[in-house]
Amino acid sequence: MSDNPFVTVVTQESFPTEVTQRSAAVPVLVDFWADWCAPCKMLAPVLEKLALEYEGKFLMAKINTEVERDLAAQYAVRSLPTVKVFRHGAPVDEFMGALPESAVREVIERHIERPADLDIAEAADLADSGNVEAALTLLKESLTDDPGYSPLRVALAQQQLNTKDAQGALETLAELPLVAKQEEETKTLQARIELALNAGETCDTDGLAQRIAQNPNDLSARIRLAGGLFHQPGQVEPAMTQLLEVIKRGRGASEADQARQTLLQIFASLGNQDQRVGRYRRLLAQALN
């Protein structure tokens with residue numbers, strides 16, 4: 001073992017201190033390895049080199065799986081090498097195999113703190129206090145200094161959407177790397193942006209409701225009404241109900257497929273953890289059968 005001050009050999013007994021506690025301050029990369037594993041020996045120098053380079057912005061913990069079998073089983077390590085990133089006591093990311101240095105660096109960059117994190121927090125405070133323009137300015141300036149930082153780009157897109165600049169938000173997210181676009185938070189935000197763009201100008205919900213009362217089969221009016229309701233506080237479920245009605249009444253019509261697609265976008269914008277999504281997914285399945 002090298003005398004690298006940022007690398008520690010961890011056992012079952014020292015894990016709570018060296019990984020759980022220390023990951024509250026900085027990310028801890030836990031390297032599950034074995035002496036017989038050739039890829040492990042290829043990866044180790046890369047990890048140690050980066051640990052020195054980052055000078056404590058992340059720490060490394062090495063776990064010999066031949067000795068610490070219980071730890072390997074506890075964290076479902078099935079192939080070697082496996083590297084798990086711990087933050088605040090829990091694994092938040094991982095990779096397997098002897099990745100090249102550039103790929104390992106990309107994983108590290110996703111988790112270490114950087115100046116932009118302070119800007120994101122300050123911008124959120126500014127927006128909460130009503131100073132949205134100052135929040136946008138701060139995030140745009142920060143993005144100029146750190147254009148490759150995905151959380152910063154997501155934060156800016158969120159504020160742009162909040163100020164009704166859906167097109168700007170869409171363009172901001174377009175520069176995200178593919179891996180960031182697949183994250184749940186980003187997909188939810190992307191769906192909200194697309195819904196805002198599809199809604200277009202503010203519609204006359206009262207007038208549309210009157211049209212529907214006179215002609216319940218006016219599917220186009222129902223879709224427009226759903227778009228308008230969705231962007232009003234507390235009107236998400238009425239919006240989804242209108243779309244379900246279009247699907248029921250318009251079997252085989254293009255409006256029914258449009259309503260289905262819009263409903264799926266709403267599900268994505270709410271996120272799977274929202275209880276309304278599960279309920280309306282069941283109602284959608286019933287409407288399609």
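**Notebook: a pocket, a disulfide, ring pairs and one loop residue**

I began with the second largest pocket, whose lining takes at least two residues from each of β5 (90-96), α4 (101-109), α7 (150-162), α9 (178-181) and α10 (184-199). I keep in mind throughout that this is a predicted model. Of these elements I noted α7 in particular, since the largest share of the lining, five residues, comes from α7. I then looked up the extent of the second largest pocket and found about 600 Å³ of space in it, with 22 residues along its lining, of which Arg110, Tyr149, Ser150, Pro151 and Glu183 lie nearest the centre. Sorting the lining of this pocket by class, I have nine nonpolar, five polar and eight charged residues.

Next I turned to the cysteines. How many disulfides does the structure hold? I find one disulfide, and Cys37 and Cys40 form it, with their sulfur atoms 2.4 Å apart. I checked the torsion about the S-S bond of Cys37 and Cys40, which is about 85 degrees, so I record the disulfide as right-handed. Are its two cysteines buried or exposed? Cys37 has a relative accessibility of 2% and therefore counts as buried, and Cys40, with a relative accessible area of 5%, is buried as well.

I went on to the aromatic rings, where the count comes to four aromatic pairs. One of them joins Tyr54 and Phe58, edge-to-face, at 5.7 Å centre to centre and with 65 degrees between the planes. I note that Tyr54 is buried at 8% relative accessibility and that Phe58 is buried at 1%. For Tyr75 and Phe86 I have ring centres 5.3 Å apart and planes at 80 degrees, so this pair is edge-to-face too. The pair of Tyr75 and Phe86 links distant parts of the chain, as Tyr75 sits in the loop between α3 and β4 (82-87) while Phe86 belongs to strand β4, eleven residues apart. Tyr75 counts as buried at 16% relative accessibility, because the cut-off for buried is under 20%, and Phe86 is buried at 0%. I also recorded that ring pairs link Phe15 with Tyr75 and Phe86 into a cluster.

My last entry concerns Thr65, which I located in the loop between β3 (59-64) and α3 (69-74). Which residues does Thr65 contact, once its neighbours within four places in sequence are left aside? I list Phe32, Trp33, Ala34, Ala72 and Leu80 as its contacts, and I add that Thr65 is buried, with a relative accessible area of 9%.

How values were computed
Residues numbered from 1 in each chain as written. Predicted model: local features only at pLDDT ≥ 70, side-chain atom pairs only at ≥ 80, totals over all residues. Heavy atoms only, no water. Helix = DSSP H or I, 4+ residues; strand = E, 2+ residues; numbered from the N terminus. Buried < 20%, exposed > 50% of the residue type's maximum accessible area, 1.4 Å probe, protein only. Contact = heavy atoms within 4.5 Å. 1 Å grid on protein atoms, 1.4 Å probe; cavity = no way out; pocket = protein on both sides within 12 Å on 5 of 7 lines; lining within 4 Å. Points joined across faces, edges and corners; volume = space filled by probe spheres on them. Nonpolar A, V, L, I, M, F, W, Y, C, P; charged D, E, K, R; others polar. Disulfide = S-S within 2.5 Å. Phe/Tyr/Trp six-rings, centres within 6.5 Å; stacked < 30°, edge-to-face > 60°.
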